[in-house]
Amino acid sequence: MTLIKYTIVFISSIFVSLLFPISSIAKELFLPMDLVSWKYKGDRFSCSLSQTINQFGVITFVAKSRQPVGMQVQSYHVKAPYERAILSQVQSPWALNTAPITVDEVDLDKKSGKVSFYTDIEALLEAMAQGNWLGVRLSSSNQQNTFDVTVPSVNMTQAMASFNLCRAKLPAMAYRDARDVVLQFQLGQRVVNSSQKQILADLASYLKHDKNVKRVLIDGHTDNVGSNVANLQISKIRADDVASILRENGVRSSLMEVRSHGSRYPVANNNTQHGKAKNRRVTIRAIRKEDAVKRKGS
């Protein structure tokens, strides 16, 4: 089917509604295969795969660090009388089974004109790579008003390959996670454990990507058990070990500033075991260029 069908269906619905007082209006829009042109766009922190649809809007798959892959629909049709959006996996016309499979269903955000899906998008992308098509339905609560959009998965092999390659290179952390990392230490623990090493490896993957990070502050702290000299030494050993792990994962030494404070700056009450556990810590703070400018001007 072509866009001509959408125009005919839409005009016919209006004509019939003028002659007969009915409340049901169904619209269909099939994007012709020769108009399908999926576009890839990406950088160090996000990847997108999009298709523009005449008379409707844009459908975009989006991948970002530490977030599930999502699909967004931006359309001027996201408004009344429609209230819900249904994302489906649609069989191609030449397939034996033509029944669509529902992937996700969400309420419309009528103010933004955007709908976002996050359920089973990975599976949908895989199905499209295997030749299945994509379907989006806008519907009302009584199911009387519907707008169906069908997009073939043709002409997307190269764009999807670039999209997947971009996703594979995304850092394991986003800035919201990397800007303040706190590693808690057990009583007597002097170096990081295996799970903390993985956190630092993820952090390093972000720091190497974000060229706007100008400093990484590494601060060692202890509880108040033991002498001040001993605590200062332990906090330094812990902070130095964190810096060493980051260096092993490719973070430049010139980017890091290591400091040890002993028990001088507790964040919890040292009179309780829970408080002491919170005070035994190493904090890693990534400072971006814009953050440094804000503090200087404040």
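Author: A definition before we start: angles run from 0 to 180 degrees between N-to-C directions, along axes fitted to C-alpha atoms. Also, keep in mind that this is a predicted model.

Reader: Good, let's use that on helix H2. At about what angle does H2 run to S4?

Author: H2 covers residues 121–129. The helix lies across four strands, S3 (46–53), S4 (57–64), S5 and S8. Taken against S4, the angle is about 115°.

Reader: And helix H3, which strands does that one lie across?

Author: H3 is made of residues 157–168 and runs at about 155° to S3. S3 is one of the strands underneath, and the full set is S2, S3 and S4.

Reader: Those strands keep coming up. In what order do they sit in their sheet?

Author: The sheet is an open one with five strands, and the pairing is antiparallel. From one strand to the next, the twist averages 20°. Reading across, the order is S2-S3-S4-S5-S8.

Reader: Which two strands of that sheet have one side left without a neighbour, and why?

Author: An edge strand has a single partner strand, so one of its sides has no neighbour in the sheet. The strands at the edges here are S2 (39–42) and S8 (114–117).

Reader: Let's zoom in on the S8 edge. Which residue in S8 is the bridge partner of Gln-74?

Author: Strand S5 spans residues 70–75 and pairs with S8 in the antiparallel sense. Four bridges hold that pairing. For Gln-74, the partner in S8 is Lys-114.

Reader: Now over to S10. How many of its residues are buried?

Author: Take the two faces in turn. On one side sit Asn-145, Phe-147, Val-149 and Val-151, and on the other Thr-146, Asp-148 and Thr-150, all of them buried. With both faces covered, the tally for S10 is seven of seven.

Reader: S1 and S9 both bridge to S10. Which of them runs antiparallel to S10?

Author: In general, strands of a sheet pair through backbone hydrogen bonds, either parallel or antiparallel. S1 (residues 25–30) has six bridges to S10 and runs parallel to it, with Glu-28 partnered by Asp-148. Six bridges also join S10 to its antiparallel partner, where Leu-134 is matched with Val-151; that strand is S9.

Reader: Does any of this lead to a pocket, and if so, which element gives the largest share of the lining of the largest one?

Author: The largest pocket has a volume of about 320 Å³. Among its 17 lining residues, the closest to the centre are Ser-88, Val-90, Pro-100, Asp-148 and Thr-150. Strands S6 (84–90), S9 (133–139) and S10 (145–151) each give two or more residues. The largest share, four residues, comes from S9.

Reader: What about the chemistry of that lining: how many of its residues are charged?

Author: The lining residues divide into three groups. Eight are nonpolar and seven are polar. The charged ones number two.

Reader: One last residue, Ile-237. Is it buried, partly exposed or exposed?

Author: Ile-237 sits in helix H6 (residues 228–248), with its C-alpha 8.1 Å from that of Gly-220, a residue 17 positions away in sequence. Buried needs under 20% relative accessible area and exposed needs over 50%. At 25%, Ile-237 therefore counts as partly exposed.

Terms used: Residues numbered from 1 in each chain as written. Predicted model: local features only at pLDDT ≥ 70, side-chain atom pairs only at ≥ 80, totals over all residues. Heavy atoms only, no water. Buried < 20%, exposed > 50% of the residue type's maximum accessible area, 1.4 Å probe, protein only. 1 Å grid on protein atoms, 1.4 Å probe; cavity = no way out; pocket = protein on both sides within 12 Å on 5 of 7 lines; lining within 4 Å. Points joined across faces, edges and corners; volume = space filled by probe spheres on them. Nonpolar A, V, L, I, M, F, W, Y, C, P; charged D, E, K, R; others polar. Pairing = 2+ DSSP bridges. Contact = heavy atoms within 4.5 Å.
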